[in-house]
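Me: I am new to this structure and would like a close look at a single part of it, set against the rest of the chain. Please take your time and connect the details as you go.

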Amino acid sequence: MSDKPRLMIYGSSPLVSSGYAAVSRHIIPLLIERGWEVANHAWSSYRGRRMQIGVELSDGTIGYYTMYGGGDTVTGHDILAGHVEHFGADVLLAICDPWIA
């Protein structure tokens, strides 16, 4: 594990078309460029295994973040704590409606 700070986003997959996904798509490369390890717990739109996803950074290089799929509940709460622990997140950022988080 690296010495970089680690942030996990709790929200929609950045790969889908929604307002909250657009926020994630915008901030993930910015966080990577500023030295963060980033993961996304995609509770509402991805039900697959963990994977690395590349994003283009402002200098034209590719940075990577980890995508975790949702669990068996609608909001993914059943598996969220396990994903936070597995990733070793220092920060959990909720990008969703307040009644979901």
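Where in the chain is Cys96 found?

Reply: Cys96 is found in the segment that comes after strand E5, the strand made of residues 91-95. Please keep in mind throughout that this is a predicted model, and that what follows describes that model. With a relative accessible area of 13%, Cys96 is buried, because residues count as buried when that value is under 20%. As for its place relative to another part of the chain, Cys96 and Gly70 are 26 residues apart along the chain, and their C-alpha atoms are separated by 14 Å.

To see what surrounds this segment, it helps to step back to the whole chain. The chain holds 2 helices and 5 strands, and, read along the sequence, these follow the pattern β-α-β-β-β-α-β. A compact globule with 101 residues would have a radius of gyration near 13 Å, and the chain agrees with this because its own value is 13 Å. Along its principal axes, the C-alpha trace spans about 40 × 30 × 25 Å. Buried residues, of which Cys96 is one, make up 43% of the 101 residues. Among the contacts with a separation of 6 or more, 69% are accounted for by residues 24 or more positions apart. The surface that the chain exposes comes to about 5,600 Å², and carbon and sulfur atoms supply 55% of it. The chain also carries 7 positive and 10 negative charges, whose mean positions are 4 Å apart.

Other buried places can be set beside Cys96. Ile53, which is found in strand E3 (residues 51-56), counts as buried at 10% relative accessibility. Not counting residues up to four places away in sequence, Ile53 touches Leu15, Gly63, Tyr64, Tyr65 and Met67. Ile53 and Ala39 are 14 residues apart in sequence, and from C-alpha to C-alpha they are 9.6 Å apart in space.

Aromatic rings offer another view of the buried part, and a search of the whole structure finds 1 aromatic pair. The pair is edge-to-face, because the rings of Tyr68 and Phe87 have their planes at 80 degrees, with their centres 6.5 Å apart. Since Tyr68 lies in strand E4 (residues 62-69) and Phe87 in helix H2 (residues 77-87), the pair ties together parts that are 19 residues apart in sequence. Both Tyr68 and Phe87 are buried.

Two further residues show how accessibility can vary along the chain. Ser18 lies in the loop between strand E1 (6-11) and helix H1 (19-33), and with a relative accessible area of 27% it is partly exposed. Leaving aside its neighbours within four places in sequence, Ser18 is in contact with Ser12 and Arg25. His26, whose place is in helix H1, has a relative accessible area of 53% and is therefore exposed. His26 and Pro14 are 12 residues apart in sequence, while in space they are 8.8 Å apart, again from C-alpha to C-alpha.

Returning to the part you asked about, Cys96 belongs to the segment after strand E5 and is buried, whereas Ser18 is partly exposed and His26 is exposed.

Definitions and conventions:
Residues numbered from 1 in each chain as written. Predicted model: local features only at pLDDT ≥ 70, side-chain atom pairs only at ≥ 80, totals over all residues. Heavy atoms only, no water. Helix = DSSP H or I, 4+ residues; strand = E, 2+ residues; numbered from the N terminus. Rg over C-alpha atoms; globule rule 2.2 N^0.38 Å. Buried < 20%, exposed > 50% of the residue type's maximum accessible area, 1.4 Å probe, protein only. Contact = heavy atoms within 4.5 Å. Areas by Shrake-Rupley, 256 points an atom, 1.4 Å probe, with all protein chains shown as cover. Lys, Arg positive; Asp, Glu negative; His and termini not counted. Charge placed at Lys NZ, Arg CZ, Asp CG, Glu CD. Phe/Tyr/Trp six-rings, centres within 6.5 Å; stacked < 30°, edge-to-face > 60°.
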